Amino acid sequence: MALMSSRSWDDWISEYAEAHQHPMNRFCHSIGIPMIALSIVLLPLAFVRGYWAVPVLLFVVGWVFQFIGHAYERKPPEFLKDWRFLFVGLRWWLAKMRGRA
């Protein structure tokens, strides 16, 4: 059970993977997702040290990669139909890096 639903993480990741079939979309997501995740991790430190432009740039460029990928896929992002897919991308990326997606 994941994301306040009766579905498992594997179910969420499988649906996410089905919506991301185009090789360029997968490539763009493979770059964009870790950029976005890193930006979120760096943001608190950035405000302490004054390097806020780095996480902001990573966040914006990461999302640009995501939307470029969806232009190749010719499908809107999954989170537009269900907001919970915003939390699936990183799990998909981790599964992909492990050779499971």
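1. **Contacts of His29.** In this predicted model, His29 touches a wide set of partners once neighbours within four places in sequence are left aside: Tyr16, His20, Pro34, Gln66, His70, Trp92 and Trp93. The residue sits in helix H2, which covers residues 23-49. His29 counts as buried, because its relative accessibility is 2% and the limit for buried is under 20%. One of its partners also makes a polar contact with it: the side chains of His29 and Gln66 are joined at 3.3 Å.

2. **Overall fold.** The protein has four helices and zero strands. Along the sequence, the pattern reads α-α-α-α. The C-alpha atoms fill a box of roughly 40 × 30 × 25 Å along the principal axes. Of the 101 residues, 37% are buried. Take the contacts between residues at least 6 apart in sequence: 64% of them join residues at least 24 apart. The accessible surface comes to about 6500 Å². Carbon and sulfur atoms account for 67% of that surface.

3. **The largest nonpolar core.** Which residues make up the largest nonpolar core? There are 11 in all: Ala2, Leu3, Trp12, Ile13, Tyr16, Ala17, Ile33, Phe85, Val88, Trp92 and Trp93. Helix H1 (9-18) and helix H4 (89-97) each supply at least two of these residues. H1 gives the most, with four.

4. **Val88 as a core member.** Val88 belongs to this core. Residues up to four places away in sequence are not counted here. On that basis, Val88 touches Leu3, Trp9, Trp12, Ile13 and Tyr16. Among these partners, Leu3, Trp12, Ile13 and Tyr16 are also listed in the core.

5. **Trp12 and Phe85.** The structure holds seven aromatic pairs. In one of them, the ring centres of Trp12 and Phe85 lie 5.0 Å apart. Their planes stand at 70°, so the pair is edge-to-face; the cut-off for that class is over 60 degrees. Trp12 lies in helix H1, while Phe85 lies in the loop between helix H3 (53-73) and H4, so the pair ties together parts that are 73 residues apart in sequence. Trp12 is buried, at 0% relative accessibility. Phe85 is buried too, with a relative accessible area of 3%.

6. **Trp83 and Phe87.** This aromatic pair is also edge-to-face. The distance is 6.1 Å centre to centre, with 85° between the planes. How exposed is Trp83? Trp83 is partly exposed, with a relative accessible area of 48%. Phe87 counts as partly exposed as well, at 47% relative accessibility. Both values fall short of the exposed class, because that class needs over 50%.

7. **Ring cluster.** Ring pairs link Trp12, Tyr16, Phe85 and Trp92 into a cluster. These four residues also appear in the list for the largest nonpolar core. Tyr16 and Trp92 are, in addition, contacts of His29.

8. **Arginines over tryptophan rings.** Where does Arg7 lie relative to Trp12? Arg7 lies over the face of Trp12, at 4.1 Å from the ring centre. Arg91 lies over the face of Trp9, at 4.0 Å from the ring centre. Trp9 has come up already, as a contact of Val88.

9. **More on Arg7.** Arg7 lies in the segment before H1. Is this residue buried, partly exposed or exposed? Arg7 counts as partly exposed, at 23% relative accessibility. Its side chain makes a polar contact of 2.4 Å with the side chain of Glu15. Arg7 and Phe59 are 52 residues apart along the chain, and their C-alpha atoms are separated by 29 Å.

10. **Backbone at Arg74.** Arg74 is placed in the loop between H3 and H4. Its phi is near 60°, a positive value in a residue other than glycine. Most residues other than glycine have a negative phi. Arg74 counts as exposed, at 75% relative accessibility. Phe85 lies in the loop between H3 and H4 as well, but Phe85 is buried.

Definitions and conventions: Residues are numbered from 1 along each chain as its sequence is written. This is a predicted model: local features need pLDDT of at least 70, side-chain atom pairs count only at pLDDT 80 or more; totals for chains, interfaces and linings use all residues. Side-chain values use heavy atoms; hydrogens and water are left out. A nonpolar core is a set of buried Ala, Val, Leu, Ile, Met, Phe, Trp, Tyr and Cys residues joined through side-chain atoms within 4.5 Å. Buried means under 20% relative accessible area, exposed over 50%, partly exposed in between (1.4 Å probe, protein chains only). Helices (H or I, at least four residues) and strands (E, at least two) are DSSP runs, numbered from the N terminus. Contact means heavy atoms within 4.5 Å. Rings of Phe, Tyr and Trp (its six-membered ring) pair if their centres lie within 6.5 Å; planes under 30 degrees apart count as stacked, over 60 as edge-to-face and the rest as tilted. A charge sits over a ring if NZ of Lys or CZ of Arg is within 6 Å of the ring centre and within 35 degrees of the ring normal. A polar contact is a pair of N or O atoms within 3.5 Å; within protein, one must be able to donate a hydrogen and the other to accept it, and residues adjacent in sequence count only if both atoms are side-chain atoms. Accessible areas come from the Shrake-Rupley method with a 1.4 Å probe; for residues, only the protein chains shown count as cover.
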